[in-house]
Amino acid sequence: MITKRTDLISFRIKFYFETKFMLRLQTIREMSDSEDDDVPRLSSHALAALQEFYSEQKQQSNPGGDDKYNIGIIEENWQLSQFWYSQETALRLAKEAIAAAGECGRIACVSAPSVYQKLRELHREDFSIYIFEYDKRFAIYGEEFVFYDYNNPLDLPEKIAAHSFDIVIADPPYLSEECLRKTSETIKYLTQGKILLCTGAVMEEEAAKLLGVKMCTFIPKHTRTLGNEFRCYVNYDSGLDREISV
């Protein structure tokens with residue numbers, strides 16, 4: 001099974017342990033500089049940094065207000081093969097979904113939280129939008145969150161009726177035939193017809209076979225560079241095949 005950014009895994013592991021070591025070393029130095037040798041304590045600078053860290057962690061775990069729809073407010077988890085779209089790509093895909101769904105449409109974002117967040121950031125309350133995600137951190141979005149495991153593609157709550165969405169935007173977490181095949185079962189169950197699939201260029205032939213989609217000229221970007229070429233695929237006349245005038 002190939003992740004979207006396997007080349008970053010070793011880097012992140014190395015970065016994690018190096019950072020942890022440096023923090024411990026700094027703490028030891030701060031403690032050794034204490035005037036009271038009997039009671040080790042952090043300096044005011046180290047304590048302030050620690051408080052800032054805990055504050056940031058709290059904000060990330062329980063964001064509130066409009067901030068909760070900001071892309072990146074929930075950090076990527078590379079173990080779940082999570083890689084967020086850039087702001088520009090998320091906006092382009094969100095606008096495409098709105099145009100494709102039509103007035104008061106229903107949009108399903110399957111393993112595509114960046115698009116869901118951008119849609120809600122646009123304050124389009126006239127649309128019904130659901131986020132289908134394995135990561136339960138996204139449960140902060142309340143009733144619009146649907147727990148989803150691609151290994152059980154049709155294990156969905158009763159409130160999610162078959163063919164009840166005008167468009168489905170899906171971004172399978174892994175570049176494998178199995179993952180795409182199972183995610184395709186979900187897509188075909190949810191959609192009334194329109195599909196916007198985001199996955200690697202290496203999956204083009206399999207995507208066409210499973211979903212009848214074709215590659216678009218628009219090339220999506222992520223917040224970080226992926227090791228595999230990434231593309232969008234649709235089965236309808238899409239704005240992603242047209243240039244946007246500046």
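Among contacts between residues at least 6 apart in sequence, 65% join residues at least 24 apart in this chain. The model is a predicted one, and its chain holds six helices and nine strands. Of the 246 residues in the chain, 45% are buried.

A good place to start exploring is the interior. In soluble globular proteins, nonpolar side chains tend to be buried together. Here, the largest nonpolar core contains 32 residues, and L93, I107 and L196 are the members with the most contacts inside it. Several elements each supply two or more residues to this core: the helices α3 (87-101) and α4 (113-121), together with the strands β2 (106-110), β3 (128-133), β5 (165-170), β7 (191-200) and β9 (230-234). The biggest contribution comes from α3, which gives seven residues. A second core, separate from this one, has 27 residues, including F165, C179, A207 and Y233.

L93 deserves a closer look. Leaving aside residues up to four places away in sequence, L93 touches Y85, V115, I169, L196, C198, F218, C232 and L240. One of these partners, L196, is also listed with L93 among the residues with the most contacts inside the largest core.

The packing of α3 against α4 comes next. The axes of these two helices lie 8 Å apart and meet at an angle of about 70°; α3 and α4 are therefore roughly perpendicular to each other. On the α3 side, the contact is formed by Q87, A90, L91, L93, A94 and I98, while α4 brings S114, V115, K118, L119 and E121. Sorted by class, the residues of this contact are seven nonpolar, two polar and two charged.

Helix α4 itself is mostly covered, with eight of its nine residues buried. The buried residues are P113, S114, V115, Y116, Q117, K118, L119 and R120. Their cover includes α3, β2, β3 and β5. After α4 comes H123, which has a positive phi, near 60°.

A second helix pair, α5 (residues 177-190) and α6 (residues 204-211), offers another arrangement. Their axes come within 10 Å and cross at roughly 30°. Angles under 35 degrees count as roughly parallel, and α5 and α6 are therefore described as roughly parallel to each other. The crossing of α5 past α6 is right-handed. In this contact, E177, L180, R181, S184, I187 and K188 of α5 meet E206, A207, L210 and L211 of α6. By class, these residues comprise five nonpolar, one polar and four charged. A207, on the α6 side of the contact, also belongs to the second nonpolar core.

One charged residue of this pair can be followed further. E206 is found in helix α6 and touches E177 and L180, residues up to four places away in sequence not being counted. Is E206 buried or exposed? The relative accessible area of E206 is 17%, and residues under 20% count as buried, so E206 is buried.

Taken together, the two helix pairs show two ways of packing: α3 and α4 are roughly perpendicular, whereas α5 and α6 are roughly parallel.

Definitions and conventions:
Residues are numbered from 1 along each chain as its sequence is written. This is a predicted model: local features need pLDDT of at least 70, side-chain atom pairs count only at pLDDT 80 or more; totals for chains, interfaces and linings use all residues. Side-chain values use heavy atoms; hydrogens and water are left out. Axes are lines fitted to C-alpha atoms, for helices over the stretch in contact, and angles run from 0 to 180 degrees between N-to-C directions. Helices (H or I, at least four residues) and strands (E, at least two) are DSSP runs, numbered from the N terminus. Angles under 35 degrees count as roughly parallel, over 145 as roughly antiparallel, 65 to 115 as roughly perpendicular and the rest as oblique. A crossing is left-handed if the near helix is turned anticlockwise from the far one by less than a right angle, and right-handed if clockwise. Contact means heavy atoms within 4.5 Å. Ala, Val, Leu, Ile, Met, Phe, Trp, Tyr, Cys and Pro count as nonpolar, Asp, Glu, Lys and Arg as charged, and the others, Gly among them, as polar. A nonpolar core is a set of buried Ala, Val, Leu, Ile, Met, Phe, Trp, Tyr and Cys residues joined through side-chain atoms within 4.5 Å. Buried means under 20% relative accessible area, exposed over 50%, partly exposed in between (1.4 Å probe, protein chains only).
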